[in-house]
Amino acid sequence: MQRDSITQLDEIILTEDLAPKKATGITASSTISTKTFERFNPTDIPSAVNQISGVYILSGAINTNRITIRGVGARTLYGTDKLRMYFNGIPVTNGTNFSDIEAFDLENLGSLEVIKGPKGTAYGSNLGGAIILDTKSAQADETQLINTTTVGSYNMLKDNLSFTHSEKSFDLTFSYNHLETDGYRQNSRFERDGFLLTSNVNLSTKSSVGILVNYIDYTAGIASSINQTDLEEDPTRAAGNWLAAQGFEANKYLLTGLSHTYKFSEAFRNTSSIFYTYTDHYEPRPFNILDEFTNGFGFRSQFEGSFDKAEYTFGAELYKDEYHWSTIENLYEDNNGNGSLEGDRLSQNTEFRRQFNAFATFTYALTDAFSAQVGLNLNKTHYDFNDLFNQGASNTSATRNFDAILLPSFGLQYALNNGNLYANISRGFSNPGLEETLTPEGVINPDIAQETGTNYEIGAQWTLLQKRFSANVALYRMDINNLLVAQRVGEDQYIGTNAGETRHQGLEMNVKYIARLSSQLSLAPYFSYTFNDHTFVDFVDEDNDYSGNPLTGVPKHRLNTGIDLQHTNGLQLNLTHQYVDQIPLNDANTLSSDSFNVFNAKLGYKTQLSSQFSLGVHAGINNVFDTTYAQSVLINATGFGGAQPRFFYPGNGRNYFVGVRLGYLF
């Protein structure tokens with residue numbers, strides 16, 4: 001059966017073999033791998049991911065990222081939701097659809113695959129799509145130790161120590177990482193330590209077992225958002241109340257998983273995994289102190305098979321978590337300038353969240369060139385909220401049990417000599433978070449509905465000139481109903497409501513060309529372009545009618561360009577550029593952020609010192625022209641007490657980094 005190739009922005013020859021995709025059948029997806037990550041500062045995962053057209057990470061800090069895919073998630077105020085994220089095949093999205101990409105070290109990643117929109121089926125049918133992270137694989141029959149140390153501006157120090165071992169029936173990878181930086185802004189000190197352990201053991205020719213342990217422990221000062229005046233006069237400032245409270249977050253995150261793969265035959269196999277996650281989060285804020293922890297656990301099982309001209313997958317996953325949270329009075333104003341101080345308890349709650357997904361896809365080759373795929377996803381979501389603080393009539397404990405929802409998809413693909421054409425239509429959804437279902441009185445509102453949408457997409461992928469030229473283009477439209485809107489009713493209190501309908505449509509394009517300047521020197525220019533035409537079709541919020549306005553929080557145009565210059569002697573130069581159009585900041589579209597251009601440069605050199613020792617050095621400049629810009633924005637911000645609304649999270653000014661990589665092959 002003909003398989004579609006995956007567009008790689010970082011490889012000369014674009015084939016699936018270089019970064020095997022996880023998207024099933026003919027589902028189109030976009031993948032970046034190690035070479036893309038290595039174009040940037042090793043602390044800068046947003047710049048790497050933003051190379052993918054249609055995907056945009058708005059980053060307020062190392063620990064504050066919001067991922068949007070085709071505009072979905074742009075209205076989320078903090079964090080990433082409306083998509084599913086997987087790490088080495090294990091779902092790491094919590095029970096209310098929030099995902100934390102900052103829980104993983106960029107230097108440990110081997111590939112990142114994005115399925116845009118709800119067409120993934122086997123990876124959920126969330127409106128935003130899915131992000132699939134995979135760690136680096138050990139080199140076959142090798143044992144090596146690699147240490148990479150990078151230092152840079154703002155007293156940044158990052159170290160990643162990795163040990164890998166591989167033999168015929170066993171492989172193991174262990175890495176330790178440390179990162180510390182004072183940050184660009186006031187009150188933005190960040191310290192992180194973590195380790196990753198992966199191992200695979202072949203029990204027989206048919207059976208193998210995999211182990212995964214990922215642990216991160218970080219403490220991060222919170223500078224928060226600032227207003228227009230502060231952005232223009234001094235973007236290094238922190239928000240005044242966060243600075244006075246010395247606000248921060250302390251976060252411990254653990255992911256453990258055990259997987260088993262069994263090959264029943266050459267044409268049929270199963271991979272099943274069980275997993276456990278633990279998150280411990282403590283965050284002193286000016287308005288209160290949040291103290292929370294989450295225990296999550298579940299399983300995933302996927303069967304894959306083929307016969308004649310057909311391929312199929314089916315399976316299920318269950319994710320359950322227990323979320324315990326409380327808020328405490330913050331007495332920082334009475335603490336003699338020493339920052340946050342705990343006062344009386346304000347609330348104490350537990351939430352039990354459960355999501356079940358069942359899925360199946362069937363792909364059939366109608367001819368040697370023409371294939372069709374049908375898929376079906378079933379989702380069932382349940383919330384149980386327990387108020388442990390209030391008694392009697394003021395107690396707000398309640399449950400919310402969403403009806404099961406069926407989400408079909410259908411795709412076609414036509415293989416060309418040098419690429420393929422494809423089309424798909426798929427149905428998707430997004431759950432409201434449990435807090436979004438609460439009324440201002442804290443009572444679950446049974447009228448809050450799931451967002452639902454239908455996605456239409458056509459596209460083409462091809463390579464020419466002996467695979468030196470590659471390109472892909474996609475056109476899509478997605479209509480979303482029951483739009484979830486978070487209404488602010490306090491400094492840190494939001495409620496949800498279904499306010500209308502949005503239309504997401506646009507164009508995505510990626511192009512790369514490899515020019516051989518000589519037998520030893522190659523030049524590879526590339527670009528990725530995103531055009532977003534996203535609008536409120538029917539959007540009435542209280543007495544305001546915003547129908548027809550562009551979608552808040554989404555730039556209309558985005559362009560990423562770059563040049564990779566590489567010599568066979570190990571010298572490599574990477575020049576990258578990002579353009580982001582202005583972003584509407586409020587639903588009325590009366591305010592917008594400024595558009596910006598940011599340029600980065602990185603120079604690297606790799607050499608083999610001996611048969612056992614290797615050396616790599618690199619140096620770079622981020623934001624070469626010291627542009628002042630907003631790397632993230634907070635939509636519909638409100639000023640309290642006559643203060644200006646705080647819309648902006650500034651990007652770093654011009655900054656530098658330099659690093660050394662030492663490798664030893666046993």
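The following legends describe close-up views of a predicted model.

**View 1. A nonpolar patch on the surface of the predicted model.**
The patch is formed by Phe307, Phe362, Tyr364, Leu366, Val374, Phe410, Ile425 and Tyr456. Together, these residues have about 690 Å² of accessible area.

**View 2. Ile425, a member of the nonpolar patch.**
Ile425 belongs to strand 22, which comprises residues 419-430. Its relative accessibility is 33%. Because partly exposed residues are those between the limits of 20% and 50%, Ile425 is classed as partly exposed.

**View 3. Gly453 and the residues in contact with Gly453.**
Gly453 is located in strand 23, which covers residues 451-464. The relative accessible area of Gly453 is 0%, so this residue counts as buried, the cut-off for that class being under 20%. When neighbours within four places in sequence are set aside, the contacts of Gly453 are Leu127, Ser426, Arg427, Gly428, Asp479 and Ile480. One of these residues, Gly428, is 25 residues from Gly453 in sequence, yet the C-alpha atoms of the two lie 5.3 Å apart in space.

**View 4. The largest cavity and its lining.**
Eight cavities of 30 Å³ or more are found in a search of the whole structure. The largest cavity has a volume of about 120 Å³, and 18 residues line it. Among these lining residues, Ser29, Ser30, Lys116, Tyr422 and Gln461 lie nearest the centre of the cavity. At least two lining residues are supplied by each of strand 7 (109-116), strand 23, strand 24 (469-481) and strand 27 (500-513). Strand 23 is also the strand that holds Gly453, shown in View 3.

Terms used:
Residues numbered from 1 in each chain as written. Predicted model: local features only at pLDDT ≥ 70, side-chain atom pairs only at ≥ 80, totals over all residues. Heavy atoms only, no water. Patch = residues over 30% accessible without salt bridge, like charges linked within 9 Å, V, L, I, M, F, W, Y side chains within 5 Å. Areas by Shrake-Rupley, 256 points an atom, 1.4 Å probe, with all protein chains shown as cover. Salt bridge = Lys/Arg side-chain N within 4 Å of Asp/Glu carboxyl O. Helix = DSSP H or I, 4+ residues; strand = E, 2+ residues; numbered from the N terminus. Buried < 20%, exposed > 50% of the residue type's maximum accessible area, 1.4 Å probe, protein only. Contact = heavy atoms within 4.5 Å. 1 Å grid on protein atoms, 1.4 Å probe; cavity = no way out; pocket = protein on both sides within 12 Å on 5 of 7 lines; lining within 4 Å. Points joined across faces, edges and corners; volume = space filled by probe spheres on them.
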